[in-house]
Amino acid sequence: MKLTTLSAIFTLFSIILLGAETKAADLSLSLSYAQSRDFWKTVQSIQDKTGDIGAIHQVIKDKYGKPDLLYSRFSASYSFEQNGDFPEFIDNFFVGTNAEALAGGGVQNPISPEVHAYASTMGIGSAGFLSISDSKQSIFSMQTLLGLGKQKQLDAKGAEFIDAIPVRNGILALGGVDLDYVYRTSFGDNFWTTNSVGIRPIYFFSNIDPPLSESETKYSYLVLRWRLESEWLKQFSSDYFDWSLGIHTIAGQSPYPGLILPITWDYHNRLQLLPSLGSVSGIGLVAKLFGDGSYANLTSHAGIYGGEIGGGLGLHIKTFSLNASTYSIENYFHRSEGKTRIWSASIGVVL
Amino acid sequence: MKTFYFIALLICFSSCAPSTSEKYNSASSEAEILTLLNEREYHKAIWLIEAQYTKNPKKTDIKFYLAQAYLGKAGFEPLEFIDKIHGDQNKTQSNLWNQFFKNCETRAIFKNESISLHCLFKRIYFNTPEVSSGDFATARSLMRSAYPNPEHTSTWNNTLIGMVELVSLIKRSGDLYMYGKNILTTTEMKKNALNIQWLKAQFTQALIETNECAIRGSYSGDKISKFILKYKSESLYEALNDRFQLSQRLGTLKLLSIEHNLKNNPDLTINQIREKILAALDDEERQH
């Protein structure tokens with residue numbers, strides 16, 4: 001059974017369980033893709049040269065400490081107002097499904113060479129609710145996540161380069177919750193701030209075998225993602241359009257505005273709570289151009305995110321949105337750190 | 001709301017902090033040490049790891065990383081080294097190439113192509129940095145003391161230590177042949193051209209390296225042989241498990257017999273020792 005099918009079942013199951021009548025519905029779909037380089041091509045080259053240490057050296061000599069990353073992600077979510085059978089503080093329910101594929105890896109240490117590569121595909125089902133304050137200034141959301149997928153892993157160290165390096169396969173599953181709180185306030189008519197805080201603890205379970213050289217390595221563990229975000233915007237008006245300018249600050253692992261890394265990225269990178277102060281903070285300038293009404297038609301941002309320059313552009317036309325961005329992503333896997341510049345694009349629609 | 005503004009202000013300041021160990025690396029964690037090694041910043045790595053090692057002298061892994069940084073500084077990266085010894089020797093060899101084992105070809109060796117051990121060792125000799133002193137010697141000494149017991153050492157660490165010992169032995173033997181011919185290739189050799197104690201110490205070191213190499217070889221299976229030759233050479237594999245065979249195959253047995261001779265005849269002069277070295281080399285040339 002395909003994993004995406006399993007995700008759809010999760011979603012359907014959630015809808016049946018909730019059993020609420022819909023009053024107003026929102027269906028949103030999005031597809032995103034990002035990559036630096038495909039590390040599994042490097043893995044293939046190493047495999048092709050099994051036993052020839054000199055040839056393997058030629059493949060990896062310039063790749064030490066430069067990890068690669070590639071992912072694609074499809075998500076769909078459906079939200080609806082509650083019918084009054086549930087506590088008052090719940091305004092909306094939502095269910096979602098998410099299919100993601102992720103691959104990456106890297107080589108490290110030219111004296112005691114190691115290669116590590118990972119790949120996974122997963123379907124994730126989610127269900128949760130929104131609570132909107134009476135003043136419409138704050139929103140609290142909570143969702144539970146369940147996922148199932150497959151993973152493969154390749155690890156070799158030193159002498160293991162001599163023989164064919166085995167690719168290990170296993171099942172990867174996850175379960176966790178995602179809590180978010182957003183608060184918006186204005187100062188006068190044309191200056192406002194939006195602040196948010198989020199936390200996402202997820203336990204990953206894997207049945208994959210550890211590599212020969214690191215038999216003690218655990219592949220099932222808990223990761224905790226957290227995020228604090230603040231945006232200050234001043235709005236200006238002209239005869240033709242409105243526009244706003246401001247700054248935003250982000251704290252948390254992977255502090256990249258608008259970029260949603262796959263959930264399994266946290267797993268493969270064994271996400272740390274506080275890797276280093278600079279790598280969990282970001283600050284940048286934001287500019288928004290408004291067309292008719294208050295809907296932002298064009299947004300842009302640029303700044304220092306996770307200690308490196310990054311930025312993005314977003315275009316919204318009616319119900320469609322297009323986004324493109326580039327960031328230098330910090331990877332953490334197999335005791336090493338390394339940055340990867342990725343280029344990402346996403347397309348979304350709200351029906 | 002004040003808390004939010006305070007946090008936001010904190011983020012503004014923290015954005016100026018270093019994001020990774022690439023900046024302000026102090027080698028205080030394994031990740032930071034690996035970053036320095038990945039960037040081949042060996043001088044900096046030694047300086048910083050030594051500071052960590054002083055604080056934690058009992059930490060074996062830090063000591064082994066320090067040894068690796070010294071190997072890197074000496075210009076010895078295992079994969080690159082193997083690539084060089086199998087490559088075209090016209091690129092790397094010096095004008096001393098024909099001083100011994102003249103029949104050895106200089107062209108690149110193909111995968112699984114057999115090569116005589118004499119010629120392989122000649123290639124190793126001409127691609128190895130100085131081993132009797134300096135960074136390579138420091139690395140070797142740190143590796144031995146980090147993992148003194150091969151039984152409790154991982155296969156790869158035994159393989160790496162065994163390779164370092166093998167390469168040291170081959171380089172030292174080659175230097176002794178050169179010394180016998182009165183060709184002084186290193187600063188160390190020039191400085192000790194007439195120092196009989198230094199010369200005797202070279203034989204003693206060669207004996208220690210033979211022992212270390214044989215014992216590491218016996219704990220790393222066929223890895224050293226496969227790593228160096230690209231295939232399991234029975235002659236090298238068997239030799240690596242027995243110090244007598246190893247000395248015989250490497251041609252160092254005769255050199256080691258000189259070491260034994262020196263103990264029984266402490267009055268031998270430098271010229272007499274040189275004659276014995278040349279006789280040992282002649283024997284090897286004949287077998288080759």
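This dialogue turns to the contact of chain A and chain B, and then to chain B itself, in a predicted model.

Visitor: Where should a reading of the contact begin, and how much area do chain A and chain B bury between them?

Guide: The size of an interface is often given as the accessible area lost when the parts come together. Here chain A and chain B bury about 4,000 Å² between them, with 62% of that area on carbon and sulfur atoms, and the contact draws 52 residues from chain A and 43 residues from chain B.

Visitor: How many salt bridges and how many residue pairs in polar contact are found between chain A and chain B?

Guide: The count of salt bridges is zero, whereas five residue pairs are in polar contact across the interface, with both residues of each pair at pLDDT 80 or more.

Visitor: Which elements of chain A give residues to the side that touches chain B?

Guide: Those that give two or more residues include α3 (53-60), β3 (92-108), β6 (168-186) and β14 (336-350) of chain A. Of the elements, α3(A) gives the most, with five residues. Sorted by class, this side of chain A has 18 nonpolar, 25 polar and nine charged residues.

Visitor: What is the secondary structure of chain B, and what share of its residues count as buried?

Guide: Chain B has 15 helices and zero strands, and of its 288 residues 55% count as buried. Among contacts in chain B between residues at least 6 apart in sequence, 67% join residues at least 24 apart. The accessible surface of chain B comes to about 12,700 Å², and 51% of that surface belongs to carbon and sulfur atoms.

Methods
Residues numbered from 1 in each chain as written. Chains lettered and ligands numbered in written order. Predicted model: local features only at pLDDT ≥ 70, side-chain atom pairs only at ≥ 80, totals over all residues. Heavy atoms only, no water. Contact = heavy atoms within 4.5 Å. Buried area = accessible area lost by both parts, 1.4 Å probe. Salt bridge = Lys/Arg side-chain N within 4 Å of Asp/Glu carboxyl O. Polar contact = N/O pair within 3.5 Å; in protein donor to acceptor, adjacent residues only side chain to side chain. Helix = DSSP H or I, 4+ residues; strand = E, 2+ residues; numbered from the N terminus. Nonpolar A, V, L, I, M, F, W, Y, C, P; charged D, E, K, R; others polar. Buried < 20%, exposed > 50% of the residue type's maximum accessible area, 1.4 Å probe, protein only. Areas by Shrake-Rupley, 256 points an atom, 1.4 Å probe, with all protein chains shown as cover.
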